[in-house]
Amino acid sequence: MPQDASPPAPVPPGSGPFACRVLRETADAATVSACGEIDLATKDRLHAALTPLLADERALLLDLSQITFIDCSGLQVLQTAFRAHGRFAVIAPSVAVTRLLELSGAQLPVYASADEAIRELAPDPPR
């Protein structure tokens, strides 16, 4: 293993696999992709991935299409990001994410695709 490469973070006991990365950055948006399980053991990793992007003026999109499980601690991270960033949205939520959002009644912006979210979250043109 090269010296500058660090081994993958161990999966906390009782938690399933989780990964999160910036998928795409454009002038209009930063898109973060998460996959696996978001729970009490992994929520801090999601929060850490989102935090540096919260001060950005671009739309912040979180692709949750590959999430297999999410609990209320994961929902709290989503709600915190939404409150901290006026142009935050969930895109392409998996069945597990959709179910939690519906059951909780969470009022988060959700879009089927990044393109749809970018169109809807575009800042108003100057007058």
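Author: Start with one term. A helix axis is a line fitted to C-alpha atoms over the stretch in contact, and the angle between two axes runs from 0 to 180 degrees between N-to-C directions. Keep in mind that this is a predicted model.

Reader: At roughly what angle do the axes of helix H1 and helix H2 cross?

Author: H1 spans residues 43-50 and H2 spans residues 72-84. Their axes cross at roughly 15° and come within 9 Å. Angles under 35 degrees count as roughly parallel, so H1 is roughly parallel to H2. The crossing of H1 past H2 is right-handed.

Reader: Which residues in H1 meet H2?

Author: H1 brings Lys43, Leu46, His47 and Leu50. In H2 they meet Ser73, Val77, Leu78 and Ala81. Sort the residues of this contact by type: five are nonpolar, two are polar and one is charged.

Reader: Let me step back. How many helices and strands does the protein chain have?

Author: Four helices and five strands. Their pattern along the sequence is β-β-α-β-α-β-α-β-α. So much for the order in sequence. Now look at the sheet.

Reader: What is the order of the strands in the sheet?

Author: First the general idea. Strands of a sheet pair through backbone hydrogen bonds, either parallel or antiparallel. Here the five strands form an open sheet in the order E1-E2-E3-E4-E5, and the pairing is mixed. E1 and E5 (110-111) are the edge strands, each pairing on one side only.

Reader: In which sense do E1 and E2 pair?

Author: Antiparallel. Strand E1 covers residues 18-25, strand E2 covers residues 29-38, and seven bridges link them. Find Val22 and you can follow one bridge across to its partner in E2, Val32. The two strands are joined by a hairpin of three residues.

Reader: And how many bridges join E3 to E4?

Author: Four, and these strands run parallel. One pair to look for is Leu60 with its bridge partner Phe88 in E4. E4 and E5 also pair in the parallel sense, over two bridges. There, Val90 has Val110 in E5 as its bridge partner.

Reader: Which strands do H1 and H2 touch?

Author: H1 packs on the sheet and touches E1, E2 and E3 (59-70). The direction of H1 makes about 15° with that of E1. H2 packs on the sheet too, touching E2, E3 and E4. The direction of H2 makes about 175° with that of E3.

Reader: Now burial. Which residues of E4 are buried on each side?

Author: The general idea helps. In a regular strand the side chains alternate between the two faces of the sheet. In E4, Phe88 and Val90 lie on one side, Ala89 and Ile91 on the other, and all four are buried. Both faces of E4 are thus covered. Over the protein chain, buried residues make up 39% of the 127 residues.

Reader: Thr31 and Ser33 are in strand E2. Are they buried or exposed?

Author: Buried means under 20% relative accessible area. Thr31 has 3%, so Thr31 counts as buried. Ser33 has 17%, so Ser33 is buried as well.

Reader: What is Thr31 in contact with, leaving aside its neighbours in sequence?

Author: Set aside neighbours within four places, and the contacts of Thr31 are Arg21, Val22, Leu23, Arg24, Leu61 and Ile91. Under the same rule, Ser33 is in contact with Ala19, Cys20, Arg21, Leu23 and Asp63. Sequence distance is also worth tracing. Thr31 and Ala89 are 58 residues apart along the chain, yet their C-alpha atoms are separated by 9.7 Å. Take the contacts in the protein chain between residues at least 6 apart in sequence: 68% join residues at least 24 apart.

Reader: Last, the loops. Where is Ala92 found, and what is its phi?

Author: Ala92 is in the loop between E4 (88-91) and helix H3 (95-104). Its phi is near 50°, a positive value in a residue other than glycine. With a relative accessible area of 23%, Ala92 is partly exposed.

Reader: And where is the place of Asp56?

Author: In the loop between H1 and E3. Asp56 is partly exposed, at 25% relative accessibility. From its C-alpha atom to that of Ala29 is 9.1 Å, with their positions 27 residues apart along the chain.

Technical notes
Residues are numbered from 1 along each chain as its sequence is written. This is a predicted model: local features need pLDDT of at least 70, side-chain atom pairs count only at pLDDT 80 or more; totals for chains, interfaces and linings use all residues. Side-chain values use heavy atoms; hydrogens and water are left out. Angles under 35 degrees count as roughly parallel, over 145 as roughly antiparallel, 65 to 115 as roughly perpendicular and the rest as oblique. A crossing is left-handed if the near helix is turned anticlockwise from the far one by less than a right angle, and right-handed if clockwise. Contact means heavy atoms within 4.5 Å. Ala, Val, Leu, Ile, Met, Phe, Trp, Tyr, Cys and Pro count as nonpolar, Asp, Glu, Lys and Arg as charged, and the others, Gly among them, as polar. Two strands pair if DSSP finds at least two bridges between them. Buried means under 20% relative accessible area, exposed over 50%, partly exposed in between (1.4 Å probe, protein chains only).
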